[in-house]
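Got the model open in your viewer? Here is a walk through some of its strands, helices, cores and odd backbone spots.

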Amino acid sequence: MLEIYLDPCTVNSRKVLAGLDLLGTQYHLNHVDYFTGAHKGPDYLKINPHGTLPSAVDGTCTITESNAILQYAADHSSDSSYYPKDLKHRALVNRWLLWEASIWFQSNYLYLVEYVVKPLLKAEPDQSVIDAHAPKWKEQAAILDAQLAKTKWLAGDQLTIADIAVAAPMHPHAEQRLPLGGFPNLKRWLEEGQKTQGAVNKALAPPTTNGVSSDKYRTPAQVRATFNYTKDVDGLTEIYFYECDAAKDVHEPGDAPYEMAVTDGWNRVKSISVDKEGFSLHDFNTGYDKWEDDEGVRANFYPEVVDFLKSTTGAKRILVFDHTIRTKTNAAKPLTDQKNTSQRAPVMLVHCDYTSDSAPLRVRQLLPSDAEDLLSRRVAFFNVWKPIRNVVQERPLAMCDVTSTKPEDFFKLHLHYSDRDGENHVMRHSPEHRWIYFPKITTEQVILLKSLTQKQMDAHASWVIPPLRIQIPRPTRLFVKVLRFGQ
Ligand SMILES: N[C@@H](CCC(=O)N[C@@H](CS)C(=O)NCC(=O)O)C(=O)O
């Protein structure tokens, strides 16, 4: 069995994880913690005197260099298509492997250092370094793009280890701020290549169900994901849900994607609360299952939500006033379809559902005769987020710990419907934001989100874990909007 030494946080380690998975290679993984410098320790230097990650050991044979590990594993694989035996075809693959190791890795690494590593170390990126290097990166990217205009993958119509190697230094491209504009074939290829990243995701996922790491080399249970923040520009940020001239030239939200760390919240699920972090996780079972029947949901499921919230929050009066079924398959339905409010796609935007102006307005619309009395006391808006068909494997909900936000991080998004205007909050990026999610929550659990009390805000965003290797039937989840009135 091949012994592999790596830290999935590093680019070349991820390359090997993805490659071995593709090749179907059996291996035993040894985590060597890059961030504590274990790769420079005496034990590891005996394996790899270069002190670099990754390495592989097969009996008496030790292999350093990530691409050499890929070649070795490919030569032992029963499927030779990933590293063709035909010498001319193989030469094409080797060409890209050597180019990646000698030119491309360093070129991309420079972006990683300036835009990812330095901010993590609280240092300023040096724009002059990037400016000086960008023409060289673009020159190389253009060669890749031209190749990918001719062939689906780098060495022809079949995915090979060359694709795994060359894409590896570019996977965090959003956070690296790689200038991908103008390279459409490169972008297409990178997106398709996401399906090779299953083993990388698995290696980054928490090791045990009780959340306690069983591996002393393992870093905390975190993954990284892209969050669509919004640039805070002069003027309004708006969305029109109908077509009109005014909609043509507006600043739309979600134009500032940042890759951020997302921490697994299961480790401290009992201590996370709606009153502190702004959200919490609870058990909630229901026998109700007619989710396409809006009237049925209102008549039969809403009362269950009321009971759940009374017992969870201690509130005396609860009004459940809206629900939305969010599933990826609903993405085909146009956003401009204003009649369809209950069947929607997950929202891939960092946002908070209410503002301090829209919340009281909503109370007045919903309960006109009681509104002034209620608003003189405490009112809170909640969302209840519940998987209704499957364990959520894809596009889980991530929550921003409200204690890591500042009021000035939030600003208004103006929503224009043909018959009314509304508003949400969107967020500008801050490196201080702490994002948390609960991987694989089941149909017997719910996330409770406090969208607004008179004082507090939180932000949530649905985000994508790159597709998992095992395809799970599509998850579907329900969002219920709730008002809770103060004691
Ligand atoms: N060409 C080598 C590069 C390996 C490499 O530089 N790995 C980085 C992590 S991505 C590392 O271990 N750096 C530590 C060092 O160079 O001191 C390979 O492909 O394996």
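What follows goes from the whole chain down to single residues.

## Ground rules

This is a predicted model, where local features need pLDDT of at least 70 and side-chain atom pairs count only at pLDDT 80 or more, while totals for chains, interfaces and linings use all residues. Residue numbers start from 1 along each chain as its sequence is written.

## The big picture

The protein has 12 helices and 19 strands. Both are DSSP runs numbered from the N terminus: helices are H or I with at least four residues, and strands are E with at least two. Of the 487 residues, 36% are buried. Buried here means 20 or more other C-beta atoms within 10 Å of the residue's own, exposed means 12 or fewer, and partly exposed is in between, with C-beta atoms placed from the backbone.

Take the contacts between residues at least 6 apart in sequence: 75% of them join residues at least 24 apart. A contact needs two C-beta atoms, placed from the backbone, within 7 Å.

## Two nonpolar cores

A nonpolar core is a set of buried Ala, Val, Leu, Ile, Met, Phe, Trp, Tyr and Cys residues joined through C-beta atoms within 7 Å. The largest one has 48 residues, and V262, A398, I447 and L448 touch the most other members. Strand β12 (residues 379–387) gives the most to this core, with 6 residues. There is also a second, separate core of 40 residues, and Y5, A167, A168 and A199 are among its members.

A398 sits in strand β13 (residues 397–400), where A398 and C400 point one way, L397 and M399 point the other way, and all are buried. Strand β13 runs antiparallel to β16 (residues 435–437), joined by 3 bridges; strands count as paired if DSSP finds at least two bridges between them. Across from M399 in β16 is I436.

## Strands near the start

Strand β1 (residues 2–6) pairs with β3 (residues 55–58) in the antiparallel sense, over 3 bridges. One of these partnerships links E3 to V57. On to the next strand: β3 and β4 (residues 61–64) are antiparallel too, joined by 4 bridges, and D58 has C61 as its bridge partner. The β3 and β4 hairpin has 2 residues between the strands, and G59 takes a positive phi near 60° there.

## Backbone oddities

Look just before β3: P54 lies in the loop between α2 (42–47) and β3, and a cis peptide bond joins L53 and P54, with omega about 5°.

Which way does phi go at E65? E65 has a positive phi of about 80° although it is not a glycine. E65 lies in the loop between β4 and α3 (66–75) and is partly exposed, with 18 other C-beta atoms within 10 Å. R177 is another non-glycine with a positive phi, near 55°. Its place is the loop between α7 (173–176) and α8 (184–193), and R177 is partly exposed, with 18 other C-beta atoms within 10 Å.

## A helix pair

Helices α4 (residues 87–120) and α5 (residues 127–150) have axes that come within 10 Å and cross at roughly 145°. The axes are lines fitted to C-alpha atoms over the stretch in contact, with angles from 0 to 180 degrees between N-to-C directions. From α4, the contact uses I103, W104, S107, L110, Y111 and E114; from α5, V129, I130, H133, K136, W137 and Q140.
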